[in-house]
Structures are given as structure tokens and as C-alpha cells.
Amino acid sequence: MNKLKNWQIAVTLVLFVLGIFLSVQFRTQQTLLDSLESMKEEDLVAMWKNLNDKRAKLEQEIQLLNGQYRELMEQSNLGKSTFANVQKDLDKLRLINGLLPAKGPGITLTISGESAVLAVDLVDLVNELWASGAEAIAINGHRIIATTSIAQVEDAYSFYNTVDGERLYYPIVIEAIGDANTLEKGLTFTGGIIDNLNSFSIYPQIEQKQEVVIPAVKYPQRWQVAKIKENKEN
């Protein structure tokens, strides 16, 4: 009997609390409805217009921010593209000046040393290769650039050749990057430099290569006095 009474009391309490909750919710909604109903028509129209204006301003702000975002992305991509182009041009300039290693098809010319070759012969060979379209040249691993010196040193017993002051030992190997056929023809045409060397018992061996690797210059030129001449028209 006591258990049944307890169950009834619990149910009664739950129903009582639920009743209070529903009553409060109903009163809140009713208050809001009463508040809106109590407002004048012109006030409701003004409130609706105000909310509508705020929404329109937010939509404009979103469009403005989207436009700025797209503009920034375009500028970023343009900046990256410009930087990449400048870097590419700079690398090409460094390659031309011998500041970067070079590779490509070309030829190797080997002078064994059975008969001594003169420095002037080496200069003639290098000039002929430049004239035949060589894009990079090295002698015994010394990159040849505009300021490279090829000289002949004599002592009491013999003479030897140097590149930038470093002695060249035989075999002397000249490597050149360019169109291999054109480079070889530039050296071997009848009456050309190879014929001239053959007349002094010097028989260079020429070999066409799929890939020739030429190192960077050992001693980069330092510009201390020369400066860029400004264009007054600009």
C-alpha cells in the first residue's frame, strides 16, 4: 500500500513540473505574439525594412570581401609568375656567364700530346667552336668564358699551356655543348683548323656525345669598377 502511494506521488510531481514548464513556454510565446500584435503596422513595416536593409548590407559586404579575396589571389599568382620568370632569366644569365654547370649534347676533342700543341692552337679551336654555335666550352674541366686566359709558359727545358694560370696536362680534352654535327663540321672542313693541326702531326680525336657536362667557372669575374650605364631617356 505504501509502495503504491509513493508511485502516485512521483507521477504527480512529474506532471506538476511538466505543467509548470508548459505554462512558462506558453506565456513566453504569448508575450512575443502579444508584443508583435501590439505593435503598429507602420512599426512592423519599419522593423521589417530595417532587417531587410541589414541583410542587403551584409550581402554587399560579402560580395566586396569575395572580390578582394579574388583580387589578392590574382596578385599572388601574378607575383609568383613574375618571380618565376625573373628567376628563370637570372639562371639563364648565370648559365651564359659560366656561373652554373651546363649539360647538353655536344662533342669532345682529345689531344693526346704525342706532338705538343701551342696555346694559340687551343685559342683557335675554342674560337672555331664558338663560331660553330657552341654554347659552353671547357678545357680539361676549366670552363671557358669571356675573361678566361689561355697562355703558354716556357721554361729552360720545354713549354706548357695554361688556362687561367693553371697548367694543362695531356691528354688535353676540349668539351663543347651545341649541335654535335655542326660543331664537328666546323672543325673538320677541308683546309680548316684540324687539317692545319694534322700538318704538325697533331691528330685530335673528335667524338659526338649525347650529353656533355661542363662545370661552372672556377674563378667568377668580380666587377669592382664597371657599373650599369643608366639610360637618360628613361
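User: In DSSP terms, helices are runs of H or I with at least four residues and strands are runs of E with at least two, both numbered from the N terminus. How many helices and strands does the protein have?

Analyst: Happy to help! This is a predicted model, where local features need pLDDT of at least 70, side-chain atom pairs count only at pLDDT 80 or more, and totals for chains, interfaces and linings use all residues. Residues are numbered from 1 along each chain as its sequence is written, and side-chain values use heavy atoms, without hydrogens and water. Along the sequence the pattern is α-α-β-α-β-β-β-β-β-β-α-α-β, and the count comes to 5 helices and 8 strands.

User: Why does the distance between the end C-alpha atoms of helix α2 agree with its number of residues?

Analyst: Helix α2 covers residues 41–96, which makes 56 residues. The expected span is 1.5 Å times one less than the number of residues. That rule gives α2 a span of 82 Å, and its end C-alpha atoms agree because they are 82 Å apart.

User: Which glycine follows α2?

Analyst: Look just past the helix for a residue whose phi is positive, near 80 degrees. The glycine with that phi after α2 is glycine 98.

User: What percentage of the residues in the protein is buried?

Analyst: Buried means under 20% relative accessible area (1.4 Å probe, protein chains only). The protein has 234 residues, and the buried ones make up 21%.

User: Among contacts between residues at least 6 apart in sequence, what percentage joins residues at least 24 apart?

Analyst: A contact means heavy atoms within 4.5 Å. Among the protein's contacts between residues at least 6 apart in sequence, the share joining residues at least 24 apart is 74%.

Terms used: Buried means under 20% relative accessible area, exposed over 50%, partly exposed in between (1.4 Å probe, protein chains only).
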